[in-house]
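Dear colleague,

I am passing on the structure we spoke about, and I would be glad if you could open it before reading my notes underneath.

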Amino acid sequence: MMTRETQGEKIQKVLAQAGVSSRRGAENLIRQGLVRVNGTIIDNPAIRVDPAKDVIECRGERLLYPSGKARGLILYKITGYVTSTGDPHNQKTVYDLLPKEERDKKWLYAGRLDRDTEGLLFFTDSGELVHRLTHPSYKVKKQYRVKVQGKPTAARLKLLVKGVRHQDRLMRMDRVQLMKTEADSAVLKVELHQGEKRQVKIMLGKLGHEVLYLCRTRFGPLSLKGLKPGQSRRLTEVEMDALIRGVLQQN
Ligand code: URA
């Protein structure tokens, strides 16, 4: 059979490196019968595999990069582009902002930005990683710089952290900082992990502060540092490791 007990890499390590679980979590997944190697459910967490040759599946989904080689790209999105693989109204999409050689739909985006929002958009070729980066249970922090109409009081800013109800859901921010005030506007730095659709605009709008400008400045450990608006770059292995480590959890 394909699996070996002495050669290759430990299946637990391979699953962990692919961002599927922690090593201990991998053991649980195996015991629950959720891991297949070359089509066969395995029950021995000590088994070793060859990530380059063996077909490894977890919960029915093939690990794209079992050796932890998921690739990543970040884009400093500018306004006027929709976050979509194809727009029925022929609007320009974020893929149009990528360099020609990267304009490939294998790049999946993690976490949309509205057409009029700027900032950090992360792409990867790993569906599993997208799931983990966007599901609130993994608590990946996103940071935004927001310019709002009016000057929010300290009490209103506290409400953003306490929670604002919208369509039976409680939307919350983790941190809110007032950075500066102008004649009839203010600039805030906000941090959240929930990532509901249009969350920043909805929450501030509910408190009477229309969002005039929105830019995502951080996504987990990633920042826009070194990128100009409209530019993109591949992430290094070190950056990808940091990102994947942040979304490992016990299963
Ligand atoms: N919150 C919003 O309201 N819009 C975005 O694009 C991102 C977060």
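What follows is a description of the ligand and its surroundings.

Please keep in mind throughout that this is a predicted model. The space taken by the ligand is the largest pocket, and the shell around the ligand consists of Leu113, Asp114, Thr117, Tyr144, Arg198, Gln199, Val200, Lys201 and Leu214. Sorted by class, that shell holds four nonpolar, two polar and three charged residues. Its largest share, three residues, is contributed by helix α5, which spans residues 199-206.

As for individual contacts, a nitrogen atom of the ligand lies 2.8 Å from an N or O atom in the side chain of Asp114. Backbone atoms take part as well: a polar one of Arg198 is 3.2 Å from an oxygen atom of the ligand, and a polar one of Val200 is 3.3 Å from a nitrogen atom of the ligand. On its own the ligand has 240 Å² of accessible area, of which the protein covers 96%.

Finally, because domain 2 (72-137 + 224-250) and domain 3 (141-219) both give residues to the shell, the ligand lies between these two domains.

With best wishes

Key: Residues are numbered from 1 along each chain as its sequence is written. This is a predicted model: local features need pLDDT of at least 70, side-chain atom pairs count only at pLDDT 80 or more; totals for chains, interfaces and linings use all residues. Side-chain values use heavy atoms; hydrogens and water are left out. A residue is near a molecule or strand if one of its heavy atoms lies within 4 Å of it. A polar contact is a pair of N or O atoms within 3.5 Å; within protein, one must be able to donate a hydrogen and the other to accept it, and residues adjacent in sequence count only if both atoms are side-chain atoms. Accessible areas come from the Shrake-Rupley method with a 1.4 Å probe; for residues, only the protein chains shown count as cover. On a 1 Å grid over the protein atoms alone, a cavity is a set of points where a 1.4 Å probe fits but cannot get out, and a pocket is an open set with protein on both sides within 12 Å along at least five of seven lines; lining residues have an atom within 4 Å of a point. A molecule sits in a cavity or pocket if more than half of its atoms lie within 2 Å of its grid points. Helices (H or I, at least four residues) and strands (E, at least two) are DSSP runs, numbered from the N terminus. Ala, Val, Leu, Ile, Met, Phe, Trp, Tyr, Cys and Pro count as nonpolar, Asp, Glu, Lys and Arg as charged, and the others, Gly among them, as polar. Domain bounds come from an automatic or database domain assignment.
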